[in-house]
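Visitor: Please take one part of this model and look at it closely. I would like to see how that part sits within the whole.

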Amino acid sequence: MKKRIEDLTVTENRRLTDSFFVLKAVSSLTLPDILPGQFVQALVTDSPSTFLRRPLSVHDVDVSENVISLLIQVAGKGTERLSLLMPGQKLNLIYPLGNSFTLPERGEKVLLAGGGCGMAPLLYLGRKAKEAGADVNFAFGFRDRLRIPEHKAFKRLGIVHLATEDGSEGCQGLVTDIPALKEVEWDRVYSCGPEPMMKAVAVECLRREIFCEVSLENLMACGIGACLCCVVATTSGNLCTCTDGPVFNVRNLKWQTSV
Amino acid sequence: MADLGIKIGSLLFRNPVMMASGTCGYGSEFDDFINIEQLGGIIVKGTTLEPREGNPYPRMAETASGMLNAVGLQNKGIDYFIKNIYPHLSDYHTNVIVNVNGNTVEEYTELARRLADLDAIPAIELNISCPNVKRGGMIFGTNPDAAREVIASVRKAYNKTLIVKLSPNVTDITEFARISADEGADAVSLINTLVGMAIDPNTMKPRLSTVTGGLSGPAIKPVALRMVWQAARAVTIPVIGIGGIMNYEDALEFIMAGATGVQIGTASFIEPRTAINVITGINSFLDNRGFASVSEITGIINRN
């Protein structure tokens, strides 16, 4: 798939919590095929301390309107600057980047487990999984109820299980404490979020021999496989998260053995 | 249209702009964004005799106007290169230059010998300046005797165009430029990255697995420019300027300081089309100012 570099136009910037926001941007061209799990490299302008682009998961795609949605958590100066973008302003993206999640088969029962901004790629994955005929379920973990972004779009695709560390919403604990993770015979589990969370999900899936893919959030510079900064140790050696990933089957990751 | 052509050793370049080793992969990573063949050349990823896994993650840290890297010469080795990468590279009609690395003089020399047999590789860049490996690399580029020995040995084994990539982590860059020229190098390229480090105060740990890494980007440009200016006045062989070039004005600074050619590095991570934009910008500048060729402004600040 050909990658492009393009100035899109911001159409919407909606705050979801004190740190999460959804940025929507429209292309003046027909969008290329974008697969669930792929990401963009967003240029941050007018932020003197931000040098590199910011890799951001594609949250959703509206093919008919040529609109890409990004669910972003303010984590530093770069994402803070992006959070200030107004409709009408330009957003320069290199996209679509990376590989994609393996879509489920018709009738399969799948769990999409995310923590924090790891929920970002799971909406588009959920949409594509549902289109493929799968039974789609979500499990999300947050620190407390105030940090849970509005998630109606997820609810339209399947059941949403929530966990909060303080028990203020859903079950108390982490994503891995959500009973459904361990009790249901999942055909596939997909995960994105902090590495300890993905590792815990991976351990459970490996134990029960469930297909499990994770989307890694390694630091990266170029996003196109040139700098070799974002590597992850795999059974095939160090691979680039940006081009060989960001989605990896946990069986191929070296970290599965160290958890 | 001004004449942008340059010559290094016996090798002609259609323009003075190349993409720097370690920032352009093997060229194909940029095929969706630019036509590599419009460049003066590309210097492909640092290559070693044996495969190298490089350093553990994290290998990169963003810093003010730049970044640190500690990739550590991850590559699949010369055998894999010749069998799987070279056939694709030989299709590019531009100067494809291989960046050569080793732990010992013998390794550098053997690599040069192997690369000399490849018809579509008209030049090598001898990397005696990688700061991210425990052996070899910068040890050769910061010790005059070691530099002299490895350059002399490679020169004997390699009769095509030999460029020596210098380390800025020295007291006197002109010493290493002179050694390169004395031992028969056709050009020097500088600077490689400056050794630096960063700590995350929240985790109270270094940001790189190796603690220290190589600093690149516009943060190092004034240092690079100064060293290029010094080297260009010290030797008669061409100097290739590298270090924080983000646009054509930056490139012009290096050329006016005495660089025959320039390499675009870290900028390509942010704007993959930077090298092409630099070529266009230099050409417009020369046309607008009435210069017939880029050589008319090479080292122009040194002429008065």
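**Contacts between parts, and one sheet**

Guide: In this predicted model, eight residues of domain 1 of chain A are in contact with seven residues of domain 3 of chain A. On the domain 1 side of that contact, strands β3 (39-42) and β7 (90-97) of chain A each supply at least two residues. By class, this side of domain 1 of chain A, where it touches domain 3 of chain A, has five nonpolar residues, two polar and one charged. The C-alpha centres of the two domains, 1 and 3 of chain A, are 23 Å apart. As for their bounds, the domain assignment of chain A places domain 1 at 4-97, domain 2 at 103-215 and domain 3 at 218-259.

The chain that holds these domains can be described as a whole. Chain A contains six helices and 16 strands. Its radius of gyration is 17 Å, close to the 18 Å that the globule rule gives for 259 residues, so chain A is as compact as a globular protein of that length. Taken along the principal axes, the C-alpha atoms of chain A fill a box of roughly 45 × 40 × 35 Å. Of the 259 residues in chain A, 51% are buried. Among contacts in chain A with a separation of 6 or more, 62% are between residues 24 or more positions apart.

Chain A also meets chain B: 21 residues of chain A are in contact with 25 residues of chain B. On the chain B side, β5 (60-63), β6 (66-69) and α8 (267-270) each supply at least two residues. The largest share of that side comes from β6(B), with three residues. Sorted by class, the side of chain B that touches chain A has eleven nonpolar, eight polar and six charged residues.

The strands β5 and β6 of chain B lead from the interface to a sheet. Four strands of chain B form an open sheet in the order β5-β6-β14-β11, and the pairing is antiparallel. Strands β5 and β11 (194-197) of chain B stand at the edges with a single partner strand each, so one side of each has no neighbour in the sheet. From one strand to the next, the twist averages 40°. Strands of a sheet pair through backbone hydrogen bonds, in either a parallel or an antiparallel sense. In this sheet, β6(B) pairs with strand β14 (residues 212-216) of chain B in the antiparallel sense over three bridges. Asn69(B) has Gly214(B), in β14(B), as its bridge partner. Thus β6(B) appears twice in this account: it gives the largest share of the side that touches chain A, and it pairs with β14(B).

Chain B as a whole gives the setting for this sheet. It has nine helices and 16 strands. The radius of gyration of chain B is 18 Å, close to the 19 Å expected from the globule rule for 304 residues, so chain B is as compact as a globular protein of that length. Along its principal axes, the C-alpha trace of chain B spans about 55 × 50 × 40 Å. Buried residues make up 57% of the 304 residues in chain B. Of the contacts in chain B with a separation of 6 or more, 71% are between residues 24 or more positions apart.

Methods:
Residues are numbered from 1 along each chain as its sequence is written. Chains are lettered from A and ligands numbered from 1 in the order in which they are written. This is a predicted model: local features need pLDDT of at least 70, side-chain atom pairs count only at pLDDT 80 or more; totals for chains, interfaces and linings use all residues. Domain bounds come from an automatic or database domain assignment. Two residues are in contact if their C-beta atoms, placed from the backbone, lie within 7 Å. Ala, Val, Leu, Ile, Met, Phe, Trp, Tyr, Cys and Pro count as nonpolar, Asp, Glu, Lys and Arg as charged, and the others, Gly among them, as polar. Two strands pair if DSSP finds at least two bridges between them. Axes are lines fitted to C-alpha atoms, for helices over the stretch in contact, and angles run from 0 to 180 degrees between N-to-C directions. The radius of gyration is taken over C-alpha atoms; the globule rule is 2.2 Å times the number of residues to the power 0.38. A residue is buried if 20 or more other C-beta atoms lie within 10 Å of its own, exposed if 12 or fewer, and partly exposed in between; C-beta atoms are placed from the backbone.
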